[in-house]
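Have a look at the structure below and keep it open while you read. We'll walk through a few of its inner spaces, strands and rings together.

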Amino acid sequence: MKSKTVICRCEDVTLEEIEELMEKGYTSMDEIKRITRCGMGQCQGRTCRTLLLAELAKAVKTHPAEIKITTFRPPAKNIKMSVILGGIDNEQNG
Amino acid sequence: MNRTAEIVIIGGGISGLATAYNLAAMGMKDVVVLEKSYLMSGSTGRCGAGVRQQWGTEMNCLLAKASCEIFENLNEILDYEGDIEFKQGGYLLMAVTEKEVEQFKKNVALQNSLGIKSVLLSPEEALEIVPDLNIEGILACAFHHKDGHANPFHTMIAYAEAAKRLGVKIYTYTEVTGIMVEGGRIRGVKTNRGDIFTGRVLIAAGAWSREVGAMAGVDIPVRPERHQILVTEPVNHRLGPMIMSFAGNIYCQQEPGGEFIMGYGPAEHETYSITSSWDFLEVMCRKAVRFLPYLRNIRIVRQWSGLYEISPDAQPILGRVEQVEGLYVATGFSGHGFMFGPITGVLMAQCILGLPTTIPIDKLDLARFERGELIFEPSVV
């Protein structure tokens, strides 16, 4: 069996899938995120965002700082609707 | 980059890409699509993904039905190696006022006369479709089993890849800075990466269409409006259809992956801002839990926003622009550009090639605002 390197654990995205997309010309983090869902899972890219950034930088031969990173979206971590609806009474539940 | 083109399409969203694909499939050469940012950066890539046929005017019903039929076969039509994830779980529309009940009756009668097999349901009957629905305050429902939702990202990539295989050039990060018009005719397009000479331009720039239209001296009366949306963690499947209330101002659906996606349309000032706000989260939670109490225990993962381009009558603006020869427009969808995208592509390609359109679109032309012939659609959020 061919070995696979998992980049995004929440959405089960492999390096091989990302490389395939880069070969097709999708070389922005935003595009790869939307096509593969890399970084769109429950942890919101805590691990894979930097991995994807590093792989992209390598592929397009640039410094990671030169690559436009995907937007960090709220909320900062997963939060139950009941906590938002309960307001201050539920502060401990987050 | 191409220096000449048969047509330049401004806007790499669903309308632009679907038109580009259809033009190429009908034999047009040198089709160029310009997108100012990355593919999926605009309104299509931020939308709620719903596809419905339950409309209140004959024209919208016909357009939506034809679009839905294309969605059903889109993976095959575009020979897509992925999946556009079209899920036909239906749309359950919930009436919470007497006025809405009356409108639903009229809508269902109209839809049935056009071959859309929607039904009017009592709240108790709706429970058979959504067993967890809190029917308190719901007076009646309308349901159509063929409505549903698709993955906007994959739908766009499917069109983009199919278009590219037919020779269409898609330039991302290419922003239009001017439109060259001479003697009332389109001559070309100026971009941040150089000029392209062409006799035809299609403006499919969504919320930015007014700005782009002004470059050709044409007023396209659409205004940008921010709409917010959120997605939850994935959980087991509990919700078949998209649920929606016009008066209650909410839509909510469960993705094939198990995530719930929901939004509502707040009254907002004209803005190009696509930031997220805290108050949205609070109001959204209250609205969602009202209809589906079990959502209380589900976690929100992410929120984002995108722009509707609202036209004066909340209807699309499609077709030739009379003042400038060679100029066409496909915009003004007012929040429904994705679901109408596939049929927009077909009709705009026919219109641009001078062929008769399979569904008449003359009533949707830009000049209707000057003529004062606005279209009234009763069923929009």
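## The largest cavity

Two helices of chain A, α2 (29–36) and α3 (48–59), each give at least two residues to the lining of the largest cavity. Helices here are DSSP runs of H or I with at least four residues, strands are runs of E with at least two, and both are numbered from the N terminus. A cavity is a set of points on a 1 Å grid over the protein atoms alone where a 1.4 Å probe fits but cannot get out, and its lining residues have an atom within 4 Å of a point. The volume of this one is about 100 Å³, where a volume is the space filled by probe spheres set on the points, with grid points joined across faces, edges and corners.

Its lining has 13 residues, and A:K33, A:G39, A:Q44, A:R49 and A:T70 lie nearest the centre. Sorted by class, there are four nonpolar, five polar and four charged residues. (Nonpolar covers Ala, Val, Leu, Ile, Met, Phe, Trp, Tyr, Cys and Pro; charged covers Asp, Glu, Lys and Arg; the others, Gly among them, are polar.)

## Before you trust the numbers

This is a predicted model, where local features need pLDDT of at least 70 and side-chain atom pairs count only at pLDDT 80 or more, while totals for chains, interfaces and linings use all residues. Residues are numbered from 1 along each chain as its sequence is written, chains are lettered from A and ligands numbered from 1 in the order in which they are written, and side-chain values use heavy atoms, leaving out hydrogens and water.

## A second cavity with two chains around it

How many cavities of 30 Å³ or more does the structure hold? There are four. The second largest has a volume of about 50 Å³. Chain A lines it with A:E11, A:R37, A:M40, A:G41 and A:Q42, and chain B with B:V231, B:T232, B:P234, B:E259, B:V301 and B:R302. Strands β14 (223–232) and β18 (299–310) of chain B are the elements that give two or more residues to this lining. By class, it has four nonpolar, three polar and four charged residues.

## Strand β17 and its neighbours

One residue of that lining, B:V231, stands opposite B:I261 in β17(B). β14(B) and β17(B) pair in the antiparallel sense over four bridges; two strands count as paired if DSSP finds at least two bridges between them. β16 (250–254) of chain B also pairs with β17(B) in the antiparallel sense, over four bridges, and here B:C252 faces B:M262. Five residues sit between the strands in the hairpin of β16(B) and β17(B), where B:G258 takes a positive phi near 105°.

In a regular strand, side chains alternate between the two faces of the sheet. You can follow that in β17(B): B:F260, B:M262 and B:Y264 point one way, B:I261 and B:G263 the other, and all are buried. (Buried means under 20% relative accessible area, exposed over 50%, partly exposed in between, with a 1.4 Å probe and protein chains only.)

## Rings that pair up

The structure holds eight aromatic pairs over all chains. Rings of Phe, Tyr and Trp (its six-membered ring) pair if their centres lie within 6.5 Å; planes under 30 degrees apart are stacked, over 60 edge-to-face, and the rest tilted. B:W208 and B:Y272 make a stacked pair, 6.1 Å centre to centre with 25° between the planes. B:W208 is in the loop between β13 (201–203) and α6 (209–215) of chain B, and B:Y272 in the loop between β17 (260–264) and α7 (278–291) of chain B, so the pair ties together parts 64 residues apart in sequence. Both rings belong to partly exposed residues, B:W208 at 23% and B:Y272 at 35% relative accessibility.

B:Y264 and B:F280 are stacked too, at 5.3 Å centre to centre and 10° between the planes. Because B:Y264 lies in strand β17 and B:F280 in helix α7 of chain B, this pair links parts 16 residues apart in sequence. Are these two buried or exposed? B:Y264 and B:F280 are both buried.

## A covered helix

Helix α1 of chain B (residues 14–25) has twelve residues, and eleven of them are buried. Just after α1(B) comes B:G27, with a positive phi near 105°.

Notes:
1 Å grid on protein atoms, 1.4 Å probe; cavity = no way out; pocket = protein on both sides within 12 Å on 5 of 7 lines; lining within 4 Å. Expected span 1.5 Å × (residues − 1).
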